[in-house]
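Good morning, and thank you for coming. Please look at the sequence and the structure on the screen before I take you through them.

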Amino acid sequence: MAAEVDAVVVGGGLAGIAAAAELRALGRAAVVLEAGAQLGGKAQTATFDGAPVERGPVSFAGRHPELWKLVSLLELEADVVRLGRTARARYVVRGGALRGVVPHPLSLLTTRVVTWGERLRLLKELFFGATPLTREASLLEVFERHLGASFAHGPATAMVTGIFAGDPAKLSADACFPDLIAAARAKGNFLLGALAAPTTPGERRPGLFTLKGGLGRFGARAQERLEVRVGAPVEALERQGDLWRVVTAKESFRARAVVVATEAHAAATLLGRALPAASAALGAFEYAPMTVVHWRETEVGSAKLPQGFGYLAPPSERRFALGTLFLSSLRGEARGQYASFVGGALEPARAGLDDAALAAGVRQDVESLTGGRFGEVLHVQRWPQAVFQPVVGTAAKRDALRAALGDQGLVLAGSYLGSAAMKDAVRSGFEAAARAQALLDGSPALRSAGGAA
Ligand SMILES: Cc1cc2nc3c(=O)[nH]c(=O)nc-3n(C[C@H](O)[C@H](O)[C@H](O)COP(=O)(O)OP(=O)(O)OC[C@H]3O[C@@H](n4cnc5c(N)ncnc54)[C@H](O)[C@@H]3O)c2cc1C
């Protein structure tokens with residue numbers, strides 16, 4: 001017999017956790033079915049030598065109210081940790097060396113990352129800027145138009161690498177930075193748009209944050225507070241009259257609302273039978289692979305990397321890794337532990353290299369950039385579908401998906417519905433919960449799913 005619940009959430013990444021936590025706050029009985037051994041999805045933390053090692057994201061920006069709402073729903077306020085001032089020191093590889101950069105548009109006029117020629121080009125843009133395009137264009141086209149080719153292929157693409165591990169010639173400016181592009185159009189000037197204050201309402205705090213014990217705490221806490229099954233991959237979704245039947249190897253559930261909060265390709269597989277047109281639309285969303293190489297130096301300072309957040313390398317610098325985070329520095333510890341990110345949309349094959357080849361590539365980067373010594377690999381984390389790619393045409397794909405999905409009691413959540421970041425995953429989860437609640441409106445809330453069979 002299938003247990004009856006108000007809603008089933010398929011997938012326990014940040015999107016699924018946000019959806020289930022919100023549904024619980026709305027008084028609904030929701031059960032989360034997660035394929036993996038624990039909740040959290042990409043946000044997972046392992047432990048090495050007693051120190052947390054992030055397998056995926058390392059921090060979240062305090063300017064996003066969605067993350068604070070999730071912190072509050074999971075009662076994690078006491079566990080929030082703000083990264084120290086060290087995190088403000090960031091570096092970009094330029095001309096074969098690390099150059100410091102402050103993450104604010106005005107700093108471009110003073111930092112050594114930017115050449116004098118590029119500064120003049122930026123000043124020209126500020127006062128006599130080209131009109132922002134009204135059609136959708138690639139990030140590279142927009143950067144070249146407003147920042148000049150030299151800056152576009154240097155620091156600007158380094159930033160794109162850091163956020164999306166993507167190809168700037170394919171990524172959509174509108175889909176990647178909707179607020180920035182909207183502000184640029186409203187101001188009639190790209191740089192003035194970039195300088196405009198973000199307009200997101202709700203709680204905002206400056207700086208970068210993590211949780212005591214790492215971002216895996218989101219999943220661990222959700223596992224304590226929500227109705228959850230782990231190691232329970234959903235195998236089938238079937239429509240039965242007004243209800244959905246959700247089937248795992250061990251049990252099945254019947255629900256009026258289903259939130260599918262898996263990656264797009266996994267959702268495409270699940271919806272193949274019940275909603276083939278939506279499944280085809282989901283299959284069109286692209287992801288880039290990425291592998292995280294955690295390593296540490298042989299002795300304090302032997303890698304000769306500076307204190308700070310980390311560095312990014314634009315593709316024009318032809319480095320092996322997309323960038324490296326200075327993890328110990330962020331935690332205020334002396335002995336250097338680092339995480340280098342390899343692969344992405346431009347070098348997908350690198351993400352699939354074996355451990356020895358990954359170590360050799362990162363070693364070569366460290367030695368040639370700083371003259372320092374690399375040390376040893378602690379852990380390798382492979383993500384074949386790491387980061388959603390908001391490429392040109394994404395808005396049209398989303399329209400096709402919405403039309404194919406219709407209004408049948410099945411809602412989607414996941415970072416692919418936004419611009420690939422944690423905040424997008426969490427926001428999509430809250431939005432999915434609101435839609436599920438609207439579907440359930442009028443039907444009495446059920447109690448817990450405990451007795452599923
Ligand atoms: C290395 C790395 C670094 C990152 N760094 C940052 C960063 O610094 N800042 C930032 O904002 N973002 C970062 N991201 C992106 C961020 O991690 C993601 O946007 C976010 O975690 C995605 O959450 P999600 O819930 O949409 O998907 P996921 O985390 O992918 O969760 C989907 C879940 O669905 C489950 N699932 C799949 N199929 C089934 C099934 N059939 N049945 C049940 N469950 C299923 C999966 O096991 C998984 O747990 C990073 C990502 C990676 C990989």
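Which residue in S18 does Thr 291 stand opposite? In S18, Thr 291 has Arg 382 opposite. A word on the source: this is a predicted model, in which local features need pLDDT of at least 70 and side-chain atom pairs count only at pLDDT 80 or more, while totals for chains, interfaces and linings use all residues. Residues are numbered from 1 along each chain as its sequence is written. Helices (H or I, at least four residues) and strands (E, at least two) are DSSP runs, numbered from the N terminus.

Let me stay with the sheet. S14 and S18 run antiparallel and are joined by 10 bridges; two strands pair if DSSP finds at least two bridges between them. In general, strands of a sheet pair through backbone hydrogen bonds, either parallel or antiparallel. Here the sheet is open, has 7 strands with mixed pairing, and follows the order S8-S7-S15-S16-S17-S14-S18. Its edge strands, S8 (97–101) and S18, each pair on one side only. From one strand to the next, the twist averages 25°. Angles run from 0 to 180 degrees between N-to-C directions, and axes are lines fitted to C-alpha atoms, for helices over the stretch in contact. Helix H5 (residues 149–164) packs on this sheet and touches S7, S8, S15, S16 and S18. The direction of H5 makes about 115° with that of S15. Contact between two residues requires that their C-beta atoms, placed from the backbone, lie within 7 Å.

Next, the domains, whose bounds come from an automatic or database domain assignment. The assignment gives domain 1 (3–43 + 56–79 + 212–275 + 408–440), domain 2 (104–195) and domain 3 (287–389). The C-alpha centres of domain 1 and domain 3 lie 31 Å apart. Their contact takes 7 residues from domain 1 and 6 residues from domain 3.

Where does the ligand lie with respect to domain 1 and domain 3? Both domains give residues to the shell around the ligand, so the ligand lies between them. There are 36 residues around the ligand, and Gly 11, Gly 13, Gly 41, Pro 57 and Ala 421 come nearest; a residue counts as near if its C-beta atom, placed from the backbone, lies within 6 Å of the molecule. Elements that give two or more residues to this shell include H1 (14–25), S14 (286–296) and H16 (422–440). The shell divides into 22 nonpolar, 10 polar and 4 charged residues. Ala, Val, Leu, Ile, Met, Phe, Trp, Tyr, Cys and Pro count as nonpolar, Asp, Glu, Lys and Arg as charged, and the others, Gly among them, as polar.

Two of these shell helices also pack against other helices. H16 packs with H2 (residues 65–73) at an angle of about 65°, with their axes 8 Å apart. Among the residues of that contact are Leu 67 and Leu 70 of H2 and Val 426 and Phe 430 of H16. By class, the contact of H2 with H16 has 5 nonpolar, no polar and 4 charged residues. H1 packs with H9 (residues 216–225) at about 40°, and the axes are 11 Å apart. Leu 14, Ile 17 and Ala 21 of H1 meet Phe 218, Gly 219 and Ala 222 of H9. That contact has 5 nonpolar, 1 polar and no charged residues.

Finally, a hairpin. S11 (residues 234–240) and S12 (residues 243–248) pair in the antiparallel sense over 6 bridges, and Leu 237 has Val 246 as its bridge partner in S12. Between the two strands lie 2 residues, and Gly 241 in the turn has a positive phi of about 65°. Thank you.
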